[in-house]
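Visitor: I'd like to learn how to read a helix and the cysteines in a model like this. Could you walk me through it?

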Amino acid sequence: MGGLTADEEAAMRAAADLAVSYRQGLPDRPVPAQSSHDDIIAAFRTPLADAGQPAEAVIRALAETADPGIAGMSSPNFYGYVLGGSMPVGVAADMLVSAWGQNAGSSVETPAITGMERAVCDWILDLLDLPLDSGVGLVTGATVANTQGVMAARHALLARQGWDVEEKGLYGAPEIPVLIGAEAHSAPFAALRYAGLGAGRASRVATDDEGRIRPDAFAEALEATTGPPLAILQAGQINTGAFDPFAELIPMIHARGGWVHVDGAFGLWLRAVPELQGRLAGVGAADSWATDLHKWINAPFDAGAVIVRDRAPLVASMTARGAYLPDEGAEWIPTDSTLELSRRARGVPSYAIFRHLGRSGVREMVARHCRLAAELARELAREPGLRVLNAVHSNQVALTCGETDAETDAVLAEVQGRGRVYPTHGEWRGRRIIRCSIIGYATKETHTRLLADEIRQAWRKVREAA
Ligand SMILES: *Cc1c(COP(=O)(O)O)cnc(C)c1O
């Protein structure tokens, strides 16, 4: 007698087969979902029948119904937002994670998960060249990582002023001045809201043409504050891929007894490439960092990490075990470093990816994407009427077509409609843009050449129609 009925076994095997077929066929499928949004939703939102169905039939039917509504986000031709492509070795590991059914909140009963997740934490610090004794929390993504970084900062800045925020909350607490770049991602603003610091009261510091904080404006904003400040800096602006001038900004905050948190959702990974590290010089002096694993590391969704130089504020702000002083190295309980109590073993797919790529594979991938982005920008800029708005600092390319937003929108609609490649839209410096994010593990030069070609052809068609 096995642990599975014949039907359960058939369901699990069917899922594995369907997963393999999907990924095999991915390069030949249109990138966007082919069904209309409403149709596919209606196909699923039917009343729940009284009688259940066999497991295998459920899996086969859901995959068949879903198929036209699945977007090729793992395709090498997907360039939308900033999304990794769920690397197959990580997907394979993720299947085991589900099968094992470990609640990774408890490291006592799940030592194998603890082993793999601790290795992932060590490797992240090593690859990013950050202090090896930093605290690391494996979380769902950069939004939560930013929130946790801000909460650790909140703890430390108030504790230094004799205020126990975990016990007393923010009522009557000393105010924490917050500085953030005007072109920061929406996630750190959400983090400020979640942490009770208020997004609206943060001082939004002026930036240069690439979206980098201007040191003179930063110094001026800092001048206007009292009390130890929190600064939220950025490694990788969403439209330009640019980096704040860390080496200039971080010492200003530290001189004031403040805390520097860095949103490095994707851009922080340039730290793993020796020849690109200089682009984010000084970032290692910050106090906390947020990054994603489901972006540049191409882990299956969802996975990110918060890193806090001094583990104690991370644990003090996150532990669900009540009053607790971290006992240096004695025990490692995931819930001491994350908002979740019960949690998926979400470090395991990243463990498999890091093992599969090795250090050189991570370096090669990040360097390749940065090189392809620079080549794409040069290629597009050669076409009359196309304009790349950013200097390519990492893997993001911001493009306008013609003189009006309508032309750019029309080109993007044409490109997306053809379905062979899929960049998405954005806004930059008052203009609608086509934003190309080169970050999929399988994206090579043949793919980015196709992307350039598709954009050029769409632009010529739009121009001729005008
Ligand atoms: C993607 C992104 C985020 C949010 O990350 P999630 O993983 O979607 O939560 C935050 N900051 C930047 C710069 C990003 O690119």
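Guide: Let's start with a cut-off: a residue is called buried under 20% relative accessible area and exposed over 50%. Keep in mind that this is a predicted model.

Visitor: Okay, so which residues of α10 are buried?

Guide: In α10, which spans residues 246-255, the buried ones are F246, L249, I250 and I253.

Visitor: Why would residues with that sort of spacing go together?

Guide: The general idea is that an α-helix has 3.6 residues a turn, so residues three or four places apart point the same way. Here, the buried residues cover an arc of only 95° around the axis, which puts them on the same side of α10.

Visitor: And which residues are exposed on the other side of α10?

Guide: That's where you'll find A247 and A255.

Visitor: What covers the buried residues of α10?

Guide: The cover includes helix α9 (215-223), along with strands β4 (230-234) and β5 (259-263). While you're there, check what comes after α10: G257 follows, and its phi is positive, near 70°.

Visitor: Now the cysteines. How many disulfides does a search of the whole structure find?

Guide: It finds 0. The idea is to look for a pair of cysteine sulfur atoms within 2.5 Å. Take C370: the closest cysteine sulfur is in C436, 15 Å away, so that's too far for a bond.

Visitor: What about C401, how far is its sulfur from the closest cysteine sulfur?

Guide: That distance is 9.4 Å, again to C436, and too far for a bond.

Visitor: Are C370 and C401 buried or exposed?

Guide: C370 counts as buried at 6% relative accessibility, and C401 counts as buried at 0%.

Key:
Residues numbered from 1 in each chain as written. Predicted model: local features only at pLDDT ≥ 70, side-chain atom pairs only at ≥ 80, totals over all residues. Heavy atoms only, no water. Buried < 20%, exposed > 50% of the residue type's maximum accessible area, 1.4 Å probe, protein only. Helix = DSSP H or I, 4+ residues; strand = E, 2+ residues; numbered from the N terminus. Arc of directions from axis to C-beta. Contact = heavy atoms within 4.5 Å.
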